[in-house]
Each structure stands twice: as structure tokens, then as C-alpha cells.
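Please work through the exercises below with the sequence and the model in view. Each task is followed by a solution in steps.

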Amino acid sequence: MMTLSEHLEEKRQLLPDKPGVYLMKDHEGQVIYVGKAVNLKQRVRSYFQEASRLLPKVAAMMRHVEDFEIITTDTEVEALILEATLIKKYRPHYNIRLKDDKAYPYIRLTWEEDFPRLIIARRPDNSGSRYFGPYTRAQSVHETIRLLRHIFPIRNCTNQKFKNAARPCLEYHIKRCPGPCQALIDKDSYRDMMKNVEWFLEGKVDAVEKSLVKELNRAAEELEFEKAAKLRDQVMAVREITAQQKVSAEAGRNLDAISWALSDQDAYLQVFMVRDGRLIGRESFTLTGVDGTDEKELAHAFLMQYYDRARDIPQEILIERLPPDDRQITAWLREKRGGKVDLKVPVRGEKQRLLAMVRQNATIARDEALRRMEIKERDRERALLEIQQTLGLPGLPRRMECYDISNTQGTESVASMVVFTDGKPDKSQYRRFKIQSVEGPNDFLSMKEVITRRFHHQAQDAKQMGKSHFAKTPDLVIIDGGRGQLGYAYQAMRELNVADIPVFGLAKQHEWLFEPERPDPIILDRDSAGLKLLMHLRDEAHRFAITYHRKLRTKRNLASILDDIEGIGPARKKILRQTYGDLAAISQASVDELAALPKMTRPAAEAVKRYLDEHFKSNEEENAVPE
């Protein structure tokens, strides 16, 4: 039988002299690193050498590599794009990545609507809207929208309210909306106003000011004094904002300036956005997993991950270090922008001074983040010590587990197991359970089943010297509920001979703690750090259980409604569920999109569309509020 080293050696011998992407995998087949190469044979072989000749981070990764996979491409730019796509898909542990890798918010301008709005969106689509962002803080999105609604009377109602409005709302009476729902402004005039909003978001503030001044002069000439007064206020607001945004003309009119400050594990980045010679925004990002990484590689990782999401790419990007593959990244950026893009490291003049200002802000952001982390760490230690002393634990509760049950009248009963390590959520350790042996709404027996299953897994793993997440023994178990849930959980722990593990119930009504076989509750001060940490643990278990329950309920409801549509069998139902997730998403798809799915036909797509349109229409009529 071929050994692991022989297997890898055989694969290395077959590597092609072509560009492409390689995926390093661990013993479980999980992708732990994704990289690109101009020459796959040379690049991948360079990893398989003496650990002393590798960088510490690479050597640490290679101790876990037990297989690899390659994907060849025709060009280096294709390899670059594929690398970014696979990093986003697999989120490998050893790749530098944007912290939390969440869907950052965008401002969405809904041009596909007759009377467009500004709304917050997480995932841009091809609906016809214009997107601006991404932004790292939802607060900055809200502030921008609030500012624009202060300057321009943009409608703020949902399409449903807009459609059903019988009279102008309060927003109209306080002059925050021109009343398009009652035809108090025509479509063309409203969209002209929204064009100014779009220019403003693009940074073309001069164009906005000129447009407003032109309208102001016209209104004054036609003696429309009320309209002229509104326009005058808008012009003054725009001028006040632009006065605060001006950047030296020598720095450039359209550019992004990117710099960073490093800590042991993370890089704190700042992006300053200059458009039409004005600083229109600043965003902060954190890259994690950068320890021991060359700053050129850091530049590569950030440029690929940030501009993969960005909807606005300027003509010029100033950066501290050029990535090793700057030519390929520049070609990719030009293709995304549809025009010229230059990557530059300025060494003198206004551009260098601008980048120095960005670097200074990155340093301030890093120092502030590290200070906050240090304070949080002290607070967590204090909270853990307080829990230990109050509950009489033998040591600090480094690993705390909490369990919660969720169901709807006994249907889709599920449970959650949430783990905090050193006072912080340890999401890789979270687990979900479907209740198997209990019928009906019985939280007590459901809790007993879950605790039995959890510690039965631990006993099995201990016998087999297992390394699963269940093999770790908690220092403290918290049950979401009062004496009833706690009693059944403790009974299960006794039966499995793990009753020596401290277990308490946390009842939500008074936030009192209960201990098995002790009549009086333990009452902590509501403002104590220990109780707040336990409440956070309990609330996280509740959230995790509810999320799983809703997911199962949504799947069940989706499946049951699709069962009623003629021509939609199990295979088509599965495709629809996997592609869209819920009924609302399916109903918003066109017939052509539905018909293009595997196993679907146009008649089947039309049947789905027709049925769901009628379904949602009847729901709206049932829920309509009579006038």
C-alpha cells in the first residue's frame, strides 16, 4: 500500500509547468491554504523541503498538510481571480483574510424603481440598482444616508407602503419627502434630484452644486420663492460639506490611498478615498493571520479581497508596498474598472504626504484597537474570577458550555450547544442537535436527551483517544432555564457519571442561578461582570438555537408549499430550495431564470411563478389593514 509521502511525491512529479491555483489540505480534507502560481511545478515543490528552510508560518502549515489539489489556468490573471474566489469560498486558516469575512454593507440606489430610494444592502445583485461601498461600519452607512436625506427630500417608505398610501405621510408634511406616492412630484423631476444624490455619492460634489445653483436661478427667475429657498438651503449644505473635504490638487483628483500598521497577528488598514479632489470617505479594515508575512504579500491579499467587493475603483491607487504580482493585479483592476488603473508607491510630494497621513491614522486605529482588546481581556478575566468565586468552582471556568431548546408547539425541536473559551465565543465548537426521542413540546425531556448525547460522545471519544470537539470536558455547564430543565440535565449527567462537572440553570425572569439539590437561588448583582458574561453565554445559546429552528421551519414550509405545485417533484423541489432558500427569493426570480435551472422546464417554471404570485397576493390581501 502506498504511504502518504509516496502518494505526495507521485503527485509532485505530475505537476505541470503552467499557471494555476493550488489548495493545501489537512487530514480531514479541509482546505487550509489557497495559493496561486505562475508555474505550479516550481511553486508547489518549494513547499516540500526541510522545515528549517521554510518561513515559520509556512513550516507550521506544512505540519498539517496531507494532500494538495491543483487547478490549472490559461493565464496568470485567471489564476489570480480564481485564487480570490477560492479564498472567499473556503476561508482557509493559513491565508491572510479580512477579519470576520462578513458581508460588508453597501448603499443601494434603486434606479430600477420609478421613484428611487437609498437603502442598505449586504449583497449586491444585478437588479438594476447602483451600489456604493463596501463600508466597514453600518453606522457610517446610516450617517451617509441621514446626511443625504437632510440635503435632499428622498422618499423613505417601502414599496408596499408607497403602493398603498392613501394620503401624504408625516415625512411629506415636515418637508422630508416630496410626496411621489400622491403624484405631488412628477417622475422626471424626482429622478433628476436623485441624479444629484448619485453624483454626491460618486464624489462629484462640484457637479451637484452646479446643478442645484442652476435650478435655484431658474426658480428665482420664475418667482418660485419657496422652491428657491429650499434649493438655497441645499446649496449651502453642499458647500459646507465640500469645504471640509478638499485635498491638495497635487495629490490627485481620483484615487485611493492605502496604508497599514502591524501588530503580532493582525494588520490594521486604512483606505482614504479621494474623488474629484475631495476626501469623500475613510474606511478601516483588519487583516488577520499576517504574523511573519511579508508586507508585499499583505498588499496582495488586501488588494484582492477589498477590490473584489468594491463597486468603485479609481484611476490611481497609492499603497505602501507593491505586491509581488502587481502587473497581474493591475490588469485585473483595469478589467474590473473598464479603464485605466495605476498602482503606485509615492516617494515625494503631496501623494507621499497623503499616504503618510493614512499611515498615521492606521497607527492610531491599531493602538486604539489593542487598547480596547487589553481592556476587554482584563474585564473577561475579572468576570471569570467572579464566576469562580460566586459559584464555588475549583478553578477558572476556561471552557463554559450552555444549552438551549427551541421548538414551535413541539415541532422542529432543536437544541444548541454554545461554547465560550476564556470568556469569548468559540464558534468552531458550537454544535446543533435535532431532538430525536421526544414527541411534543417537552423541554425537560429534550434537555435530558441533548445532555445525554453530548456526554455520551465524550465518553466514546475518551475510549478511542478521540480528538473531536466533544472530547473536551467543560469547566462549567449552564442550562438555559430554571429548576425543571436543570433537574433533567443533572439527572442525565449522573447517569453518565459526569455529575462532578459543575452545572447550573440560569432562569431568564430574574436572572437567578440555580444549583442541583440546593433550594435557594444564587443571586448576582445585575451589574456584575460575571452575570453579564453568563447572560451573554445564555443569549448566544438562545440565538443559535432559534436560528437553527427557523432554518428547519423555513425548509419545511418551503417544501410543503412547493408540494402543491403541479409538476414540481422531489428533484425540482430540491433544486429550487438549494438555489433560492426561501419562497420570497423564488418569487422574485424571472421565469427565464427558473427555467434555466437543472431539471426545470419552462412550463414548470411558469407554474411555479404563477402559483407563488397568487400565494403572495392572497397573503397581502389577508394582511391588509382596512381603512
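The exercises concern a predicted model and treat a strand and its neighbours, then salt bridges, then cysteines.

**Exercise 1. Determine whether the residues of strand E18 are buried or exposed, and which way each one points.**

Step 1. Strand E18 spans residues 503–507, and five of its five residues are buried.

Step 2. Val503, Gly505 and Ala507 point one way from the strand, whereas Phe504 and Leu506 point the other way.

Step 3. This agrees with a general rule: in a regular strand the side chains alternate between the two faces of the sheet.

**Exercise 2. Identify the strands that pair with E18 and state the sense of each pairing.**

Step 1. Strand E17, residues 476–480, pairs with E18 in the parallel sense over four bridges. Within this pairing, Ile479 has Gly505 of E18 as its bridge partner.

Step 2. To pass from E17 to E18, the chain runs through helix H15, residues 483–495, and this β-α-β crossover is right-handed.

Step 3. Strand E19, residues 512–514, pairs with E18 in the antiparallel sense over three bridges. Here Leu506 is matched with Leu513 of E19 as its bridge partner.

Step 4. E18 and E19 form a hairpin with four residues between them. In the turn, Glu511 has a positive phi of about 60°.

**Exercise 3. Describe the salt bridge between Arg130 and Glu198 and explain which parts of the chain it ties together.**

Step 1. As a general point, side chains of opposite charge can pair when their charged atoms come close.

Step 2. The closest N and O atoms of Arg130 and Glu198 are 3.0 Å apart, and the cut-off for a salt bridge is 4 Å.

Step 3. Arg130 belongs to strand E7 (residues 130–132) and Glu198 to helix H8 (residues 187–202), so the pair ties together parts that are 68 residues apart in sequence.

Step 4. Arg130 is partly exposed, with a relative accessible area of 26%, while Glu198 is buried at 5%.

**Exercise 4. Examine the salt bridges of Asp539 and Asp592, giving the partner of each and the accessibility of the residues involved.**

Step 1. Asp539 forms a salt bridge with Arg538, and their closest N and O atoms are 2.8 Å apart.

Step 2. In this pair, Asp539 is partly exposed, with a relative accessible area of 34%, whereas Arg538 is buried, with a value of 1%.

Step 3. The side chain of Asp592 meets that of Arg602 in a salt bridge of 2.6 Å, N to O. Asp592 lies in helix H19 (residues 591–595) and Arg602 in helix H20 (residues 602–623), 10 residues apart.

Step 4. Asp592 counts as exposed at 52% relative accessibility, and Arg602 counts as partly exposed at 42%.

Step 5. The structure holds 39 salt bridges. Glu113, Arg117 and Arg155 are linked in a network of such contacts.

**Exercise 5. Establish how many disulfides a search of the whole structure finds, and use Cys169 and Cys181 to examine the result.**

Step 1. The search finds zero disulfides. The cut-off between two cysteine sulfur atoms is 2.5 Å.

Step 2. For Cys169, the closest cysteine sulfur is that of Cys177, at 5.7 Å, so the two are too far apart for a bond.

Step 3. For Cys181, the closest cysteine sulfur is that of Cys169, at 6.1 Å, which is also too far for a bond.

Step 4. Cys169 counts as partly exposed at 40% relative accessibility, and Cys181 is partly exposed, with a relative accessible area of 24%.

How values were computed:
Residues are numbered from 1 along each chain as its sequence is written. This is a predicted model: local features need pLDDT of at least 70, side-chain atom pairs count only at pLDDT 80 or more; totals for chains, interfaces and linings use all residues. Side-chain values use heavy atoms; hydrogens and water are left out. Buried means under 20% relative accessible area, exposed over 50%, partly exposed in between (1.4 Å probe, protein chains only). Helices (H or I, at least four residues) and strands (E, at least two) are DSSP runs, numbered from the N terminus. Two strands pair if DSSP finds at least two bridges between them. A crossover is right-handed if, with the strands pointing away from the viewer, the path from the first strand over the helix to the second runs clockwise.
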